Amino acid sequence: MNFLNPSRWKLPGARWGRWVILFCVVWIAGCAQSGAPSMLDPQGRGARAVTDLWWLLFWMASAVFVFFLGFLLLALFRRRATRPDGEVADRRGTRVVLVAGIIGPFLVLLVVFAATIWTLRALAMPPVPDELTVHVIGRRWWWEVQYPAQQFATANEIHIPVGRPVRVVLTSPNVVHSFWVPELQGKMDLVPGKTNVMWLEADEVGVYRGLCAEFCGVQHAKMNFLVIAQPQAEFDAWLAQQRLPAQIPEDGSARTGFDVFMQSSCIECHTIRGTDATGNLGPDLTHLASRRTLASSVMPNNRGNLGGWIADPQHVKPGNLMPPATLTGTELQALLDFLETLE
Ligand code: CUA
């Protein structure tokens, strides 16, 4: 286990060089990936309650750490007083243990307990009208998103009106996942056989990244999604547009692509409302072209990425449940022409 001890590392440089390297490694471990969502940058009142509690715990823990480190240093470097009346010194020691060992921790834990209760109250479900309920189902490895009141489904993209709470009902038909939008809310698990409910609210119009926060299999790291907070009118327009069935192309390459789709195994797994494709293993594709990303927010939704995904999905996300398509180049191009019409 010598490699665990920096003083035994065979490194060039000055005596302190290895410690500088160790410090730098620990330091950069705290660096944020650019664009990565941070719960320390809350953009909604749910996340703000969690972040406030986090900062309180951070500063209390820091104070306790510094306080006890001070005592440790005192014990290490202060010479023990030699008194003839040992009895008095003992009584003082008892008092220190009573205050620093029992009353102090009790007060600290009392504050933590009160702050936690306050945070739980702040996170309780606010009143939400039924039409603002979203069902989120954890799939392997993507998110099915249903709007039950509006009777449509989409995938990997949750639209919400800005400044209003939305109820999120979480279920999983396979393994445990965890739904997390760090800038908007704390995490909540999706547990097979159980229905969990939480809420999301964003202060500002914007796109917020969400992710799966519970290891759920080989593509856990590529199980992301977007929450898109829109002004109410824009949100209503989006709902109205998503409710519509797909427009079936009448002629041209898009029509050929539609026929390719309907004659292939695509329809076993995918739904396109308004057609005979009613599979429910993969994402609903009725308005695929309106979505910003593909494959659970792994890449931007554009023709090149979509073509690559259909031709060889295992290259993008090895182990995912979509089989590769056996299409000729012409069929694939026609299929892309069709899929691009699904706005
Ligand atoms: Cu789903 Cu990790």
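Hi everyone, let's start with a pair of strands: β4 and strand β10, residues 224-230, run parallel to each other and are joined over five bridges. Before going on, please keep in mind that this is a predicted model.

If you'd like to find that pairing on the screen, look for I160, which stands opposite A229 in β10. Now, how many residues of β4 are buried? Strand β4 covers residues 157-161, and five of its five residues are buried, so we can call the strand mostly covered, with buried meaning under 20% relative accessible area. The side chains split into two groups: E157, H159 and P161 point one way, while I158 and I160 point the other way, and both groups are buried.

Let's move to a sheet. In general, strands of a sheet pair through backbone hydrogen bonds, and they can do this in a parallel or an antiparallel way. Here we have an open sheet of five strands, and reading across it the order is β3-β2-β1-β5-β8, with mixed pairing. Which strands sit at the edges? They are β3 (152-155) and β8 (196-200), each of which pairs on one side only. On average, neighbouring strands in this sheet are turned by 25° against each other, if we ignore direction.

Let's zoom in on one edge. Strand β5, residues 166-171, pairs with β8 in the antiparallel sense, over five bridges. To spot this one, find V168, whose bridge partner in β8 is M198. There is a helix to look at too: α4, residues 232-243, packs on the sheet and touches β2 (143-147) and β3. The direction of α4 makes about 105° with that of β3.

Now let's zoom out to the domains. The assignment for the chain gives domain 1 (45-77 + 93-122), domain 2 (130-243) and domain 3 (252-339). Taken over C-alpha atoms, the centres of domain 1 and domain 2 are 35 Å apart. Their contact takes six residues from domain 1 and nine residues from domain 2. Between them, these two domains bury about 520 Å², with 45% of that on carbon and sulfur atoms. Which residues of domain 1 lose the most area to domain 2? They are R45, G46 and A47, which together make up 73% of what that side buries.

Last, a word on cysteines. A disulfide is a covalent bond between the sulfur atoms of two cysteines. How many disulfides does the structure hold? The count is zero. As for surroundings, C24 is partly exposed, at 39% relative accessible area, whereas C216 counts as buried because its relative accessibility is 7%, under the 20% cut-off.

Thanks for listening!

Technical notes. Residues numbered from 1 in each chain as written. Predicted model: local features only at pLDDT ≥ 70, side-chain atom pairs only at ≥ 80, totals over all residues. Heavy atoms only, no water. Disulfide = S-S within 2.5 Å. Buried < 20%, exposed > 50% of the residue type's maximum accessible area, 1.4 Å probe, protein only. Pairing = 2+ DSSP bridges. Helix = DSSP H or I, 4+ residues; strand = E, 2+ residues; numbered from the N terminus. Axes fitted to C-alpha atoms, helices over the stretch in contact; angles between N-to-C directions. Contact = heavy atoms within 4.5 Å. Domains from an automatic or database assignment. Buried area = accessible area lost by both parts, 1.4 Å probe.
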